[in-house]
Amino acid sequence: LQIWLEPAVNGLPPSYQQLSLTEEQKLGKLVLVASPEGGGPLKIHQDAQVLIGQVEAGGELVHRLQPGRKAWVHVVRGAATVNGQTLTSGDAAAVTGEPAVLLTGGDPNTEVLIFDLA
């Protein structure tokens, strides 16, 4: 899966980063993988955080959103309910005006990406 985020400023030199996580590192939790300086292991030039996680069937993961922030949730594989909406592999949902993203696994080892956005 390849993701592109538009940088906050123009004229930055292009860059490419890659990170591999084991299933054990992401199972049952959300892991911060990209953020502006000082955050996750991958640096992005945008007021955003990228998290990845795996949730088992019937399991739940929660990502709290600070006031005024929103999220984009992408189901990489499997199926999950995201704040009451069922999504399957390849589906995505915008979450706005909510205090949190609540994920409930619908399939074993469902994998999701959450983009926490300004």
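Two strands are taken as paired if DSSP finds at least two bridges between them. The views below show a predicted model.

**View 1. The open sheet of six strands and its edges.** The strand order is β2-β1-β3-β10-β5-β8, and the pairing is mixed. Strands β2 (42–43) and β8 (92–95) form the edges, each pairing on one side only.

**View 2. Antiparallel pairing of β5 with β8.** Strand β5, residues 70–77, is joined to β8 by four bridges. Within this view, A71 stands opposite V95 of β8. Both A71 and V95 recur in View 5, being among the residues of the largest nonpolar core that touch the most other members.

**View 3. The hairpin of β6 and β7.** Strand β6 (residues 79–82) and strand β7 (residues 85–88) run antiparallel and are held in register by four bridges. The bridge partner of T81 is T86 in β7. Two residues lie between the strands, and N83 takes a positive phi near 45 degrees in this hairpin.

**View 4. Pairing of β6 with β9.** Strand β6 also pairs with strand β9 (residues 100–105), in the antiparallel sense and through three bridges. V82 has L103 of β9 as its bridge partner. V82 and L103 likewise belong to the set of core residues that touch the most other members.

**View 5. The largest nonpolar core, with 15 residues.** The members that touch the most others are A71, V73, V82, V95, V101, L103 and I114. Two or more residues each come from β3 (48–55), β5, β8, β9 and β10 (110–117). Strand β5 gives the largest share, three residues. Apart from this core lies another, of nine residues, including V33, A34, I44 and A48. In soluble globular proteins, nonpolar side chains tend to be buried together.

**View 6. The surroundings of V101.** Beyond its neighbours within four places in sequence, V101 is in contact with L61, V62, H63, L65, A71, V73, V82, N83, V95 and I114. Of these partners, A71, V73, V82, V95 and I114 are named with V101 among the core members that touch the most others. N83, also a contact of V101, is the hairpin residue with positive phi shown in View 3.

**View 7. V50 in strand β3.** V50 counts as buried because its relative accessible area is 8%, under the 20% limit. Residues up to four places away in sequence aside, V50 touches L5, V31, L32, V33, A34, I44, L113, I114 and F115. V33, A34 and I44, which V50 touches, are among the members of the nine-residue core. The C-alpha atoms of V50 and D116 are separated by 6.4 Å, although the two residues are 66 residues apart along the chain.

**View 8. R69 in the loop between β4 and β5.** The loop that holds R69 follows β4 (60–64). R69 is classed as buried because its relative accessible area is 18%, under the 20% limit. The side chain of R69 makes a polar contact of 3.1 Å with the side chain of D47. Not counting residues up to four places away in sequence, R69 touches D47, A48, D116, L117 and A118.

Notes
Residues are numbered from 1 along each chain as its sequence is written. This is a predicted model: local features need pLDDT of at least 70, side-chain atom pairs count only at pLDDT 80 or more; totals for chains, interfaces and linings use all residues. Side-chain values use heavy atoms; hydrogens and water are left out. A nonpolar core is a set of buried Ala, Val, Leu, Ile, Met, Phe, Trp, Tyr and Cys residues joined through side-chain atoms within 4.5 Å. Buried means under 20% relative accessible area, exposed over 50%, partly exposed in between (1.4 Å probe, protein chains only). Contact means heavy atoms within 4.5 Å. A polar contact is a pair of N or O atoms within 3.5 Å; within protein, one must be able to donate a hydrogen and the other to accept it, and residues adjacent in sequence count only if both atoms are side-chain atoms.
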